[in-house]
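Got the viewer open? Here's a short tour, one selection at a time.

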Amino acid sequence: MSKMHVTATVNGDEVEFLADPRETLLDCLRDHLDLTGSKEGCGTGDCGACSVMLNGRLVPSCLVLGVETDGATIETIEGMAPEGALHPLQRKFIEHAALQCGFCTPGFLVAAKALLEKNPDPSESEIRYWLAGNLCRCTGYDKIVRAVQDAAAEMRGAA
Amino acid sequence: MAKDEITKDFKWIGTTPDRPDGLDKVTGRARYGADFNLPNMLYAAVVRSPHAHAKILKIDASKALALKGVKAVVTRADLPTGLTGEDLYLQENTLAGEKALYDGHAVAAVAATSQLLANDAARLIEVEYEVLPHVTDVDKAMAKDAPVILPDCADHTVPEGMGPNVARMIEFGRGDLEAGYAEADVVHEQSYTTEATHQGYIEPHAAVGQMGSDGKGEMWVCTQGQWFIRKMCSAVLGTDPAQLRVTPSEIGGGFGGKTTIFMEPLPLALSRKAGGRPVKLVMSRSDVLRATGPTASASMDVKMGMKKDGTITAAEVTFRMQGGPFPGASPVGEALSCAFACYDIPNLMHVGYEVLANRPKCAAYRAPGSPMAAYAVESMVDELCRELSLDPIDVRLKNGVKEGSRASYGPKFKTIGLAETLEAAKAHPNYAVKLGPNQGRGVASGFWFNHGGETSVSLAISEDGTAQVSVGTPDIGGSRASIALMTAETLGIPYENVRVNIVETGALGVNEPTHGSRATFASGKAMWEAANQAIKEMCKRAAQKWDIDPEAVTWKDGAAHPAGDNAGQFEPMSIKEIAAEMGKTGGPISGHHESTPSGAGPSFGTHVVDVEVDPETGRVTVLRYLVTQDAGRAIHPQYVEGQYQGGAAQGIGWALNEGYIYGEDGKLQNSVFLDYRVPVASDLPMIDTVIVEVPNPGHPFGVRGVGETGITPPLPAIANAIHAATGARLRALPMNPPAVLAAIKAMA
C-alpha cells in the first residue's frame, strides 16, 4: 500500500512523516517521530495509555489513523514540560507517589491536564469519571486522584 | 504494641522523597519494552492456534516467505529436541509441537522489515489442524473421561484411578480431625469456586533480541527478572546462558506475570535465522490475555468446626486448581499452605490436586494461590461467626497466629504482626461507621510468606563521595527509592547522593526476579552488607592516614571517626575526603554481596470493606475500604501504601468483575480490556491504609515484603460484606451484578 505524506504540528513543532494508511496516529508518533512517551496498552481505545490532544480534543491515539492528522495540531506527553519546568500535574504525580510502574502515567497526565483546562475545580467524582478511560493496574487510583486534586488546587491558587 | 528492638532513630528511612525515576516517568522519557529500537531491526508477528486443542498436521510458510521483505519464519522444527521437565514445557509453550494446547498457543513466528509486513506474512502462514476434544473447566478436567491433554502427566503422588489430567496430589495435616469436629459446637462444610484472572499489567510483553550464528546474543526486554529470561531462553534455544546478555527495560507492571517467558525466545530464534539482524516482538493485548500468565481457576471444599466462644477446633480443605496444559504451573501447593496460615488450629488437613486444562500456562500472580484459598477459608470463618453471632475481628484475634505459633504449613512463626493488623482494623474509624439499608461490612485477613532468593548486589563509591548501587531486581513499584533510602541511611550520606541502577545480566551474579515481595528485602539486605564492606574499607583508609589501627576507627554520619579518646585525636574524615584520595590510598572503594538471604518475614494483613448492593440490579458499590498490613518497617511509606492500595484494587476486580470467559468451543471470549474489565477510577473509593510496623528480625532495618498480601483479603472481605448487606452468600467468583442478583432472588 502506498504511503501518504502527512504534515502536522506536534508539541508546537512542524513535523512531516510518511504514513501507511493502516498505521494509527500512535504508530506514527512512536515509530516515525520517535515520540515513545505515548504507550500502547491495548490498541482498542480501552486503556488510555496513548492519550494525546488532537486539535484540542482528548483522544486515544490508537483509534486515530495517522493519515487523518494532516494539518492537525497534536500535543503529547513530551510537550507537557517544554522548557524543562514541570507542569503542576507532573510535579504532583511525583510528590504524591501517584505512579508505580509509570507506564500509564503519560496517558493519565495528558487526560488530567485536559480535565483541568475544562474544569479547574473538579470534584473527586468528576476526576474519577473523567479518568475512567485510563487504566492503572498498580495504584488503585487513590494517589492519582489526590495528585490531580492537589494540582488543581495549586493551579487555582496560582491563577 | 510491636516489639521493637531495632532502632527507630533514622534520618532517611521512613521519609518520602521523590523517587529517583520520577522525572523520567512523568515526562515520557522512561524507556519501556516496546520503546527500544536498533539499527537494521526486523519486526516479528506470531501465528496462534484458533483451537483449544488440536493436532498440528502441517505448517506451510511458503506464501509468507515469498513476500518481499520477509526474512525468517520459525516453527518448533527450528528448536532443539530432547528437553525434559520444565524446560520442555517452556519450549512447548513458546511454540507448539505436535499439538496446540489452548486457544492462542503460538504455532509459528515470522520476521520482516516492517510490522505491517510481518502481520501480513503471519496471515499467509497456513496451518492445518485436526481439532481434538478440549476441556477448560477444572472440575470437568478432573474427570476420568476428560480429554487427555498430556499423556502420562501424573507424577508419583497421584493415586491409581484418578483422571488423566491430574498431575500431582498434595496432602498434609496434623492432629485428629474427627476429635476436633467432636469438640466443636458448629461444623460447616461448603464449596467455593474462583475464575482465572489476569495480572493485567498495562504494558504488553515486548522484547528486542539479537543472536548470531555463533550463539552469542543480546536482548532488551520488559521483565521482572533478566537472569530468568536468560536461563529460560537459553534452555528453549539450546544455547549457553553466559553468551546471552539480557538488559531489562523499565517495566510497565508485572505482578508475577513477567517472571517467566512466553514469546521471549522467538525474537532470538528469528534473529538467528535472519543472519543475526535484531528482531522486535511486541504482543497485542489480545495475545497477552490469550497466551500469557493468568492465574489458576479453582474449585475448593472447606470444612470447619467452631466452638460457641469462637475457638476453631478443626478444619480441612480440598483444592482443585488448573494451571493450564503443563504440570508445575498451578499454585495449588501455595494455596494449601496459605489456607490456614492466619490461624492456630490444632487439627488440620489439606488436600490439593494440580489439574491440567486447555488454558494458557499459568504464571505467578501476586501471592499465587493465596487469594483463592482466602476466599474459601475466610468466607467459611465468616459463615461460622455469623451463625454464632461473634465479631469477626475478635474471632480472628482469638485464633490468630502469633510469635511461636506452629504455622499450618509447618514451621514456627518468628515475630509476626497479624494481631496488630486486627487491632488496627478494630481501632480504625471505618469499623465504627453506621451503615444504611442495603449496606454491609466484611472483614478478612490474608497472608503471604515472602521470599529471599538468590541475590547479588554491588556498591561503588564515586570520586566525589557519592554512591552507586547496582541491583538485579527490576524496579516495579519504587524499589530504587527504597534501596537508595537504605543506602543513604547506611553510609550516612544524602539520599540525593545515591544512584541505584538496575543492571544487565553481565554486571552481577545471578539474581532471582523481583518476585516474592523480595526486592526491598533481599536487594536491600545485600546492599547493607555491601555498604558495610565499603565502610570497613573507608575506615581502613582513614586509619592509614592517621596511622592508627583500623579497628580503632568507627563510621558515623558519613565520616570516619576515631573510636574513642584512646584512638587518638583526629578530625573526622568525610566520605568525600576519603573518596577524593582513594586512587592514591589503595584504589577504588566498593562492596559486593552475594547470598540467598533467609529471614524474609511473612506479612499479614486485615481488610475491612463496606459495600452497598443495589437490590434491583445486583450491582455492588464499594463505599469505603481499609487495608491494615504489617510492613515490618516502611522504608518509603508512600510506596508501601501504594502496594496496599494496588493489591486491594486488584483483589476488588477479582472479586467483583474480572474472570476468564471460555465459550463452548474452548476459545477465550473476553480477550480485550473492554470485555476483561479491570477496575477503573470511577469503580473505586479512596483506599484507606494503616501501615503496621512489627520489625522483621531477619532484616537490618526490619523490612518485610509488602507487595503481595494485599490482594488476598479483598475476595472474601467483599463476599462477607455482600452477605452482610443482603443475606446472600456468594460462593463463586466473580460476584458480578447477574450473579449477585441471582443469589438475592434465590433467597426469596
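Before the first stop, one bit of vocabulary: two residues are in contact if their C-beta atoms, placed from the backbone, lie within 7 Å. Also bear in mind that this is a predicted model.

Now select B:Ile722. Skipping its neighbours within four places in sequence, B:Ile722 is in contact with B:Gly440, B:Val611, B:Val613, B:Val620, B:Ala728, B:Leu730, B:Met735 and B:Val740. B:Ile722 is also among the residues with the most contacts inside the largest nonpolar core, along with B:Ala44, B:Val110, B:Ala111 and B:Ile718. That core has 292 residues, and its largest share, 14 residues, comes from helix α15 (residues 519-546) of chain B.

Next, highlight residues 620-630 of chain B, which is strand β25. Is it mostly enclosed or open? Eight of its eleven residues are buried, so β25(B) is largely enclosed by the rest of the structure. Add strand β24 (residues 603-613) of chain B: the two pair in the antiparallel sense over nine bridges, with B:Asp610 and B:Arg624 as bridge partners. They form a hairpin with six residues between them, and B:Gly618 in the turn has a positive phi of about 80 degrees.

Then bring in strand β26 (residues 687-692) of chain B, which runs parallel to β25(B) and is joined to it by six bridges. Look for B:Gln629 opposite B:Ile691. Add helix α17 (residues 637-656) of chain B, and you have a right-handed β-α-β unit made with β25(B) and β26(B).

Last stop: chain A. Count five helices and five strands. Its radius of gyration is 16 Å, close to the 15 Å that the globule rule gives for 159 residues, so chain A is as compact as a globular protein of that length.

Key: Residues are numbered from 1 along each chain as its sequence is written. Chains are lettered from A and ligands numbered from 1 in the order in which they are written. This is a predicted model: local features need pLDDT of at least 70, side-chain atom pairs count only at pLDDT 80 or more; totals for chains, interfaces and linings use all residues. A nonpolar core is a set of buried Ala, Val, Leu, Ile, Met, Phe, Trp, Tyr and Cys residues joined through C-beta atoms within 7 Å. A residue is buried if 20 or more other C-beta atoms lie within 10 Å of its own, exposed if 12 or fewer, and partly exposed in between; C-beta atoms are placed from the backbone. Helices (H or I, at least four residues) and strands (E, at least two) are DSSP runs, numbered from the N terminus. The radius of gyration is taken over C-alpha atoms; the globule rule is 2.2 Å times the number of residues to the power 0.38. Two strands pair if DSSP finds at least two bridges between them. A crossover is right-handed if, with the strands pointing away from the viewer, the path from the first strand over the helix to the second runs clockwise.
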